[in-house]
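Here are a few notes to help you find your way around this one. Have the structure open beside you and take the points in order.

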Amino acid sequence: MVPIIGQFDISEFAKVTKLFLERYGRIVRLGGLIGRPDLLFVYDADEIERIYRREGPTPFRPSMPCLVKYKSEVRKDFFGELPGVVGVHGDQWRRFRSKVQRPILQPQTVKKYVAPIEMVTEDFIKYMENARDENGDLPHEFDNDIHRWSLECIGRVALDTRLGCLSSELTSDSEPQRIIDAAKFALRNVAVLELKAPYWRYVPTPLWTKYVNNMNFFVELCSKYINEALERLKTKKVTSENDLSLLERVLRSEGDPKIATVMALDLILVGIDTISMAVCSILYQAATRLKQQEKMAEEIRRVLPDPSKPLCYSDLDKLHYTKAFVREVFRMYSTVIGNGRTLQDDDVICGYHIPKGVQVVFPTIVTGNMSQFVSNPEEFKPERWLESDGRLHPFASLPYGFGARICLGRRFADLEIQILLAKLIRRYRLEYHHEPLDYAVTFMYAPDGPLRLRMIER
Ligand code: HEM
């Protein structure tokens with residue numbers, strides 16, 4: 001199979017996974033990959049559901065081999081016995097996840113971030129207003145600006161700080177600019193390291209060395225802000241848990257700043273590209289599907305009639321159509337192309353005996369668009385998430401995964417997206433007047449090309 005992968009670019013990965021289904025059927029083994037185990041693609045939502053539901057207490061998601069090497073070999077001195085959740089498995093994963101899961105996923109914690117994320121988003125919208133050209137079009141590199149917004153959001157959530165990434169006057173050696181560059185490097189190069197032949201496993205290639213330096217920068221950054229938070233906490237008046245931020249809760253309950261640092265690092269590592277690419281996709285779809293965008297705008301104005309009133313969690317929760325729009329974008333254009341598990345026990349999948357240790361891939365990008373599982377999948381119809389008629393298999397499209405390992409940042413991701421849409425679409429109509437954009441896999445699945453959206457005041 002190497003020639004087949006060889007003849008496709010990474011960006012065509014979405015097409016290749018679809019082609020497997022068309023050519024070979026609902027279960028496909030991809031073998032002979034250089035430096036990688038065989039992969040088993042399963043295009044059957046019933047089987048995917050069964051596999052997820054029978055996974056034990058420590059599901060194994062084979063992902064991010066570079067990060068695994070970095071955490072477990074290169075910086076073993078720092079990560080030691082509690083290396084976090086991303087790229088960590090078994091008991092170490094379970095112990096770390098159980099320490100941070102409650103504060104991260106509790107709605108009370110997330111609610112506290114409505115106002116801070118709203119402030120970051122207001123700054124971002126001001127930035128967008130100033131960046132428009134005479135037609136109201138955003139610049140070529142607008143997708144980079146979305147990255148700055150997501151960095152600023154994650155800095156507020158994971159490090160209790162405003163990083164300053166949305167400032168328009170950044171010198172090349174300023175900290176925010178270095179953070180932006182480091183995030184950009186990770187975005188552009190991790191896909192190359194992880195999806196192409198992994199020579200870095202055997203020799204330290206120049207790209208690998210840069211990756212390690214880049215990771216060291218993130219570790220230092222997190223340590224710096226966690227130490228500052230720790231100092232603040234020493235003198236902070238706390239009457240109840242509710243006075244504490246996510247970071248402070250973890251610092252207080254665990255008493256070991258290393259845990260907070262590793263948690264912040266993990267959130268940053270996976271919480272920038274995912275949300276930025278999802279937002280690129282959602283805004284592009286809104287700008288090219290005006291009828292549905294108008295329905296969102298109507299709903300937002302109805303639920304939030306006074307634009308000067310600060311947002312609150314319960315109002316955002318009432319934006320049912322807006323949430324369904326986002327869900328439909330995830331179904332049709334799954335930002336994370338798929339999820340996967342390494343089987344912990346032998347299993348029978350689609351009638352084949354599959355031994356333990358095999359890496360099973362759930363190609364959400366394909367299953368979310370299969371007519372066996374979703375009625376009229378080619379139709380973009382947010383209403384399908386609000387009505388009960390029609391086929392909609394719950395395991396065909398799972399943007400945040402499922403079970404004990406489900407996305408740890410999903411409540412923050414939903415909150416950030418809802419706040420951005422509520423503030424932006426309420427005030428502006430988004431349009432798009434350039435060549436249609438194709439979707440491509442650049443690690444995530446997103447529109448490929450300059451996202452020159454037009455912002456028109458409503
Ligand atoms: C729209 C944006 C996002 C999408 C589509 C997404 C999707 C996913 C998926 C599919 C997984 C794998 C789940 C599984 O194995 O079942 C995952 C894991 C994870 N995500 Fe997200 N994610 C998003 C945003 C975020 C954000 C903003 C953060 C951080 C604040 C975050 C933190 C994590 C972490 C830490 C894990 C690893 C969990 C573990 O292995 O225990 N994600 N995400």
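1. Helix α9 is largely enclosed by the rest of the structure, because 15 of its 17 residues are buried. Keep in mind throughout that this is a predicted model.

2. The length of α9 checks out too. The helix runs over residues 142–158, and at 1.5 Å a residue it should span 24 Å. Its end C-alpha atoms are indeed 24 Å apart, so the expected and modelled values agree. Just after α9, have a look at Asp 160, which takes a positive phi of about 55°.

3. Now for the ligand. There are 26 residues around it, and those that come nearest are Gly 271, Thr 274, Gly 401, Cys 407 and Gly 409. Three elements give two or more residues to this shell: α13 (257–271), α14 (273–288) and α19 (410–427). Of these, α13 gives the most, with four residues.

4. What is the shell around the ligand made of, by residue type? It divides into 16 nonpolar residues, six polar ones and four charged ones.

5. Cys 407 deserves its own point. You'll find it in the loop between α18 and α19, and an unreviewed UniProt entry places the feature "binding site" at Cys 407. Is Cys 407 buried or exposed? It counts as partly exposed, because 19 other C-beta atoms lie within 10 Å, and a buried residue would need 20 or more. Leaving aside neighbours within four places in sequence, Cys 407 is in contact with Tyr 400 and Gly 401.

6. Ala 404 also lies in the loop between α18 (364–367) and α19. With 16 other C-beta atoms within 10 Å, Ala 404 is partly exposed. Setting aside neighbours within four places in sequence, Ala 404 is in contact with Pro 57 and Pro 59. Tyr 52 is worth finding as well: Ala 404 and Tyr 52 are 352 residues apart in sequence, yet 9.5 Å apart in space, C-alpha to C-alpha.

7. Last, the strands. In a regular strand, side chains alternate between the two faces of the sheet. Strand β3 (residues 339–342) shows such alternation: Asn 339 and Arg 341 point to one face and are buried, whereas Gly 340 and Thr 342 point to the other and are not. β3 pairs with strand β6 (residues 359–362) in the antiparallel sense, over four bridges. If you want to trace one of the bridges, start at Gly 340, whose partner in β6 is Val 361.

Definitions and conventions
Residues are numbered from 1 along each chain as its sequence is written. This is a predicted model: local features need pLDDT of at least 70, side-chain atom pairs count only at pLDDT 80 or more; totals for chains, interfaces and linings use all residues. A residue is near a molecule or strand if its C-beta atom, placed from the backbone, lies within 6 Å of it. Ala, Val, Leu, Ile, Met, Phe, Trp, Tyr, Cys and Pro count as nonpolar, Asp, Glu, Lys and Arg as charged, and the others, Gly among them, as polar. A residue is buried if 20 or more other C-beta atoms lie within 10 Å of its own, exposed if 12 or fewer, and partly exposed in between; C-beta atoms are placed from the backbone. Two residues are in contact if their C-beta atoms, placed from the backbone, lie within 7 Å. The expected span of a helix is 1.5 Å times one less than its number of residues. UniProt positions are given in the numbering used here, feature names are shortened, and annotations may be inferred rather than shown by experiment. Two strands pair if DSSP finds at least two bridges between them.
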